[in-house]
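I opened this notebook page to record what I looked up in the structure, beginning with the way its parts meet and ending with a single residue.

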Amino acid sequence: MLKMNEVCKLLGIKYPVVQGAMQEVATAELAAAVSNGGGLGIIAAGGKTPEQVRAEIQKAKKLTKNTFAVNLMLMDPNTPEVVKVVIDEGVKVVTTGAGTPKPYMKDLKAAGIKVCPVIPNVKIAKKMEEMGADAVIAEGMEGGGHIGVLTSQTLWPQIADAVSIPLIAAGGIGDGRGVVNAFVAGAKGVQCGTIFSIAKESPVGDNWRKLVIDATDTSTVVAGATIKDASRIIKNNIANKLTELELDQVSRDEFNSVMNEGLRNAVQKDDVEDGLVFSGQISGLIKESLPAGEIVKKLMDEAQEVLNKKIELA
């Protein structure tokens with residue numbers, strides 16, 4: 001029932017499942033594995049040079065013949081060069097975050113690229129539609145990584161009512177129940193991050209995987225809200241340090257420098273005490289690490305099981 005809907009046709013995928021663009025984690029290997037499983041894998045360009053992004057795209061092309069996307073982190077100063085790489089390499093889909101895609105929209109659309117911005121509220125969703133976006137990804141504050149202030153349950157239906165382009169729901173989806181919940185709220189597709197962060201093809205280590213699998217519903221905390229750059233992470237030593245930095249009112253640049261270094265330590269060194277682990281509140285529901293393709297299929301199978309159940313309201 002959830003196969004080949006308008007999001008699938010728009011993005012050229014089999015199932016309406018999109019992998020989140022997690023900085024340092026959303027590599028060519030992970031993106032290709034998701035795409036091979038029928039979803040839309042995404043390579044995160046944030047923090048990478050244009051040459052590194054090109055290398056990741058070319059690697060993904062060797063690993064999959066299916067559609068994959070590149071996420072543009074628009075605050076990066078090298079975004080204009082990354083956009084040129086994306087166009088030159090023939091990428092079919094981009095998602096965008098941390099800024100407006102307006103300066104690049106004309107060139108992206110002229111290249112036939114589908115543009116799907118990640119948005120936190122109705123006002124910005126409408127702006128993206130007026131700008132020519134093909135779909136919007138509405139992420140609730142339950143999600144891991146950079147977040148807004150609205151919950152998914154309040155955000156998704158309001159976005160669905162406000163725009164005519166497809167809504168892809170994100171933030172707090174980790175099983176088939178979450179998928180169905182998103183579709184009931186008006187979504188045509190879902191984006192999942194945390195569950196794919198510990199996929200077998202993810203670059204994170206065993207300590208990261210164990211931390212997510214052992215997490216409970218209260219294991220995450222929001223850092224950076226006071227500097228208007230909130231991110232959801234798992235509680236650990238660096239989370240405490242970031243809280244202290246906020247209280248000391250350090251600059252946004254200094255705060256983000258500590259976060260980026262912590263993220264690299266977590267991914268590259270598997271240090272989950274002093275390293276930063278992005279994770280959504282749904283981590284308390286995730287109990288195993290699976291191949292990315294199996295995750296896509298499991299989400300769809302579970303969603304269909306939910307839809308097949310007879311629900312009595314009275």
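The domain bounds I use here come from an automatic or database domain assignment. The model is a predicted one, and I read every entry below with that in mind.

Entry one, the division of the chain. I looked up the bounds and found domain 1 at 9-203 and domain 2 at 206-269. Taking the centres over C-alpha atoms, I noted that 22 Å separate domain 1 from domain 2.

Entry two, the interface. I looked up which residues meet across it, and found 18 residues of domain 1 in contact with 15 residues of domain 2. The area buried between domain 1 and domain 2 is about 1300 Å², and carbon and sulfur atoms give 56% of that area. When I turned to specific pairs, the rule found zero salt bridges across the interface of domain 1 and domain 2, whereas nine residue pairs, both residues at pLDDT 80 or more, are in polar contact between the two domains. On the side of domain 1 that touches domain 2, I listed β7 (145-146) and α9 (194-197) as the elements that give two or more residues. By class, I recorded that this side of domain 1 has seven nonpolar, eight polar and three charged residues.

Entry three, one serine. Is S35 buried or exposed? I placed S35 in helix α2, which covers residues 28-36, and I entered S35 as buried because its relative accessibility is 1%, where the cut-off for buried is under 20%. Leaving out residues up to four places away in sequence, I found that S35 touches L40, G41, T64, N66, T67 and F68.

Notes: Residues numbered from 1 in each chain as written. Predicted model: local features only at pLDDT ≥ 70, side-chain atom pairs only at ≥ 80, totals over all residues. Heavy atoms only, no water. Contact = heavy atoms within 4.5 Å. Buried area = accessible area lost by both parts, 1.4 Å probe. Salt bridge = Lys/Arg side-chain N within 4 Å of Asp/Glu carboxyl O. Polar contact = N/O pair within 3.5 Å; in protein donor to acceptor, adjacent residues only side chain to side chain. Helix = DSSP H or I, 4+ residues; strand = E, 2+ residues; numbered from the N terminus. Nonpolar A, V, L, I, M, F, W, Y, C, P; charged D, E, K, R; others polar. Buried < 20%, exposed > 50% of the residue type's maximum accessible area, 1.4 Å probe, protein only.
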